[in-house]
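Colleague: Could you take a close look with me at a single part of this model, the helix packing? I'd be glad if you could also show me how a few individual residues fit around it.

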Amino acid sequence: MRRYLAVGLDCYLCLVTGGLLVRPYADSASFPQVVGLLIGPVLVLSFLNQVVLTAVAGAGAGKLIMGIRVVSLPDVGRPGPVRLVRRWLYGLCWLPLQPWYGLRARLARGGPGPRTACGEGVAYNDPAGLRQVRRTDLVAHRRAVAGRTG
């Protein structure tokens, strides 16, 4: 649930900030022009949040608020910029298509059907080899590893 809230916060922060940047020009433009003006700043803010801030702080704004960090596997270290850019691009392509995939699955089943628990028989798949973990779990893991080697 934390991950979904973090993604929602990231989207909200990008859209609100982009909207505030475009607002002075919104009165004199038509709706399609406003949407076109909004896309640029939202993409730049999304990149800054998901790639730059994650490279510097270990997580984007929403994840920092929710106490989540992004780590690379298997070393549980900070991910490099190439992995973060790949993850960001994957998210831009994957996230907007989720309503379509959900609708298609619902129509194929003939109704909502039973829902399965998260991770039940499904491996965690991240195309860039990254994982989102709670900050407290990451701290505990690093202490345990330091205790074993030290």
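Modeller: Happy to! Contact here means heavy atoms within 4.5 Å. Of the contacts in the protein with a separation of 6 or more, 66% join residues 24 or more positions apart. Before we go further, please keep in mind that this is a predicted model, in which local features need pLDDT of at least 70 and side-chain atom pairs pLDDT 80 or more, while totals for chains, interfaces and linings use all residues. Numbering starts from 1 along each chain as its sequence is written, and side-chain values use heavy atoms, without hydrogens and water.

The protein has six helices and two strands (DSSP runs of H or I, at least four residues, and of E, at least two, numbered from the N terminus). Reading from the N terminus, their order is α-α-α-β-α-α-β-α.

Let's start with helix H1 (residues 2-26) and helix H2 (residues 31-57), whose axes come within 8 Å and cross at roughly 140° (axes are lines fitted to C-alpha atoms, for helices over the stretch in contact, and angles between N-to-C directions run from 0 to 180 degrees). On the H1 side, the contact is made by Asp10, Cys14, Leu15, Thr17, Gly18, Gly19, Leu21, Val22, Tyr25 and Ala26. H2 answers with Val34, Leu37, Leu38, Pro41, Val42, Leu45, Ser46, Asn49 and Gln50. Sorted by class, these are twelve nonpolar, six polar and one charged (Ala, Val, Leu, Ile, Met, Phe, Trp, Tyr, Cys and Pro count as nonpolar, Asp, Glu, Lys and Arg as charged, the others, Gly among them, as polar).

Glycine 19 of helix H1 is worth a pause. Its C-alpha atom is 9.3 Å from that of valine 34, 15 residues away along the chain. Glycine 19 counts as partly exposed because its relative accessibility is 28% (buried is under 20% relative accessible area, exposed over 50%, partly exposed in between, with a 1.4 Å probe and protein chains only).

H2 also packs against helix H4 (residues 81-94), at an angle of about 145° and with the axes 9 Å apart. From H2, the residues are Leu43, Ser46, Phe47, Gln50, Val51, Thr54 and Ala55, and they meet Leu84, Val85, Arg87, Trp88 and Leu92 of H4. Eight nonpolar, three polar and one charged residues make up that contact. Ser46 and Gln50 appear in the H1 contact and again in the H4 contact.

Now look at lysine 63 in helix H3 (residues 61-66). Its relative accessible area is 3%, so lysine 63 is buried. Beyond its neighbours within four places in sequence, lysine 63 is in contact with Ala6, Asp10, Gln50, Ile68, Arg69, Val70, Arg87 and Gln132. Asp10 and Gln50 belong to the H1-H2 contact, and Arg87 to the contact of H2 with H4. Isoleucine 65, also in helix H3, counts as exposed because its relative accessibility is 55%. Its C-alpha atom and that of alanine 6 are 7.5 Å apart, although their positions lie 59 residues apart along the chain.

Finally, serine 72 sits in strand E1 (residues 68-72). Serine 72 counts as buried because its relative accessibility is 4%. Leaving out residues up to four places away, serine 72 touches Gly77, Arg78, Pro79, Arg83, Gly129 and Leu130. For the protein as a whole, buried residues make up 24% of the 150.
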